[in-house]
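Okay, thanks everyone, I'll keep this short. Let me put the model on the screen and then walk you through strands, core and empty space.

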Amino acid sequence: MLTKRSKVLEESITLAIATLANELKAKGEDIISLSTGEPDFDTPKAIKDAAIAAIEKGCGKYTAVAGLNEILKAIQAKLKKDNNLDYEISEIITNVGAKHSLFECIECLIEEEDEVIIPTPYWVSYPEMVKFAGGKPVFIEGLESNGFKITAEQLKNSITNKTKMLILNSPSNPVGSIYSKKELSELAKVLEGTNIMVLSDEIYEKLRYDDFDFTAFASISEDALKRTVTINGLSKCGAMPGWRFGYMASKNKDLISAVKRLQGQSTSNICSIAQYAAIPALNGACDEDIKTMCQIFEKRRNLALSILDKIPNISVYKPEGAFYLFINIQKVEKDSMKFCQKLLEQEKVAVVPGIGFGMDGYFRLSYATSNELIIKGLERISRFILNYK
Ligand SMILES: Cc1ncc(COP(=O)(O)O)c(C=O)c1O
């Protein structure tokens, strides 16, 4: 009864773990969840105030499919100010979260036989979206000591005459590594002269530590600008994951028109109130909130790393961004699913198995939670690893 394409979809492992942890918590179990993929901070006041004002003004009508002119202008200005990118209003569209942006983009660009290069470990949804569209994910694994970032040489060796797209995610989920401008320039050079599109998922752009710089892939060169779809949103950096606000920008007007048609025939515009609410976030009214959030995340990252450092037989890359640690447990257990299930059963700590990100022998820990829970959770993880059988 179900279509072939719906059967290829795996359940999102991150959402499944979060649901299980919440169910166990509701039953009264003392669960510590270090699996969340969202900031634990409340949405900044300027965003909430803008939403309340929009509701009171009666702004609950349909808007244009791409979004209100005001929001498109705010995105355009943000891309210029933060990323030095020049996009026309007709080259931008808002979507129901960056996940929706990625999904629609892949639906409009990928079909049977097309190959999509995805660096491993990857964010859980990329391969599923590619498979749903009929395409074939092609995985490349970078060096762990380099935050699993891929090199120009690796990219060159993975390109075939079927390659249609490269998906880049920087800062990355689950590792938290960030590509430098030089690294991106080297990748961009390899793509010159090809028809390969780049989906640059920049959702963690502002969550960076140790003053690490961020470069948008499209800003590397004229060539990179033409082949890139810039994907971003406010779930992480605006602490508004449930509001579902994402967007894409591309110089490929045919692509944006196709996405508008797809969206126009499926979801229509995104929530009008979320659009009004996002304007101050994009205009910089929440910059201080984001700065505070980053300072706290940086301290938590350092705290978690200092505890992990004392646990034998594991290792971890020190991330420059996002709010995750991707922990190597190969010396303890190669089967990450088994490790995480036992950890949840025995020590009541929820983390995400590396296999969900395409890499067994690792797990992802999120430090988007309080110092107290990070310490308590890591004490339990430490005890679990020391006694692992
Ligand atoms: C790398 C990456 N891209 C995209 C998303 C989706 O974000 P949104 O909530 O805007 O759909 C996530 C969320 O976890 C993510 O980690």
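Let's start on β8, where Ala-249 is the bridge partner of Thr-230. Before I go on, a reminder that this is a predicted model. That Thr-230 pair belongs to the pairing of β7 with β8, which is antiparallel and runs over five bridges. There's a second neighbour too: β2, residues 92-95, is joined to β8 by four bridges, again antiparallel. Over there, Thr-94 has Tyr-247 in β8 as its bridge partner.

So how much of β8 is buried? Five of its five residues, 246-250, are buried, and the strand counts as mostly covered. If you look at the side chains, Gly-246, Met-248 and Ser-250 point one way, while Tyr-247 and Ala-249 point the other way, and all are buried. In other words, the two residues I named as bridge partners, Tyr-247 and Ala-249, point to one side of β8.

Now for another sheet. This one is open, with four strands in the order β9-β10-β13-β12, and the pairing is antiparallel. Which strands sit at the edges? Those are β9, at 315-316, and β12, at 352-353, and each pairs on one side only. β9 is held to β10, residues 324-328, by two bridges, with the strands running antiparallel. If you want a spot to click on, Ser-315 stands opposite Asn-328 in β10.

On to the core. As a rule, nonpolar side chains in soluble globular proteins tend to be buried together. Here the largest nonpolar core has 112 residues, and Phe-339 and Ile-381 have the most contacts inside it. Helix α12, residues 287-308, gives the largest share, eight residues. And the core takes at least three residues from each of domain 1 (4-43 + 287-386) and domain 2 (45-282).

Next, the empty space, which I guess is what most of you came for. Rolling a probe the size of a water molecule over the atoms shows where empty space is left. The largest pocket holds about 710 Å³. It has 35 lining residues, and the closest to its centre are Leu-15, Thr-36, Gly-37, Glu-38 and Lys-236. Which elements give two or more residues to that lining? They are α2 (13-26), β1 (32-33) and α5 (98-109), with α2 giving the largest share, five residues. By class, the pocket lining splits into 15 nonpolar, 13 polar and seven charged residues. Like the core, this lining draws at least three residues from each of domain 1 and domain 2.

Then there are the closed ones: three cavities of 30 Å³ or more. The largest has a volume of about 170 Å³. Of its 18 lining residues, Pro-119, Pro-121, Asn-169, Ser-172 and Tyr-179 are the closest to the centre. β3 (115-120) and β5 (163-169) each supply at least two lining residues there, and by class the lining has eleven nonpolar, six polar and one charged.

The second largest cavity comes in at about 120 Å³. It is lined by 13 residues, with Lys-78, Lys-206, Leu-234, Cys-237 and Ala-281 closest to its centre. That lining has six nonpolar, three polar and four charged residues. And we end up back at a strand from the start, since β7 (228-233) gives at least two residues to this lining, as do α4 (69-83) and α11 (272-282).

Methods
Residues numbered from 1 in each chain as written. Predicted model: local features only at pLDDT ≥ 70, side-chain atom pairs only at ≥ 80, totals over all residues. Heavy atoms only, no water. Pairing = 2+ DSSP bridges. 1 Å grid on protein atoms, 1.4 Å probe; cavity = no way out; pocket = protein on both sides within 12 Å on 5 of 7 lines; lining within 4 Å. Points joined across faces, edges and corners; volume = space filled by probe spheres on them. Nonpolar A, V, L, I, M, F, W, Y, C, P; charged D, E, K, R; others polar. Buried < 20%, exposed > 50% of the residue type's maximum accessible area, 1.4 Å probe, protein only. Core = buried A, V, L, I, M, F, W, Y, C linked by side-chain atoms within 4.5 Å. Domains from an automatic or database assignment.
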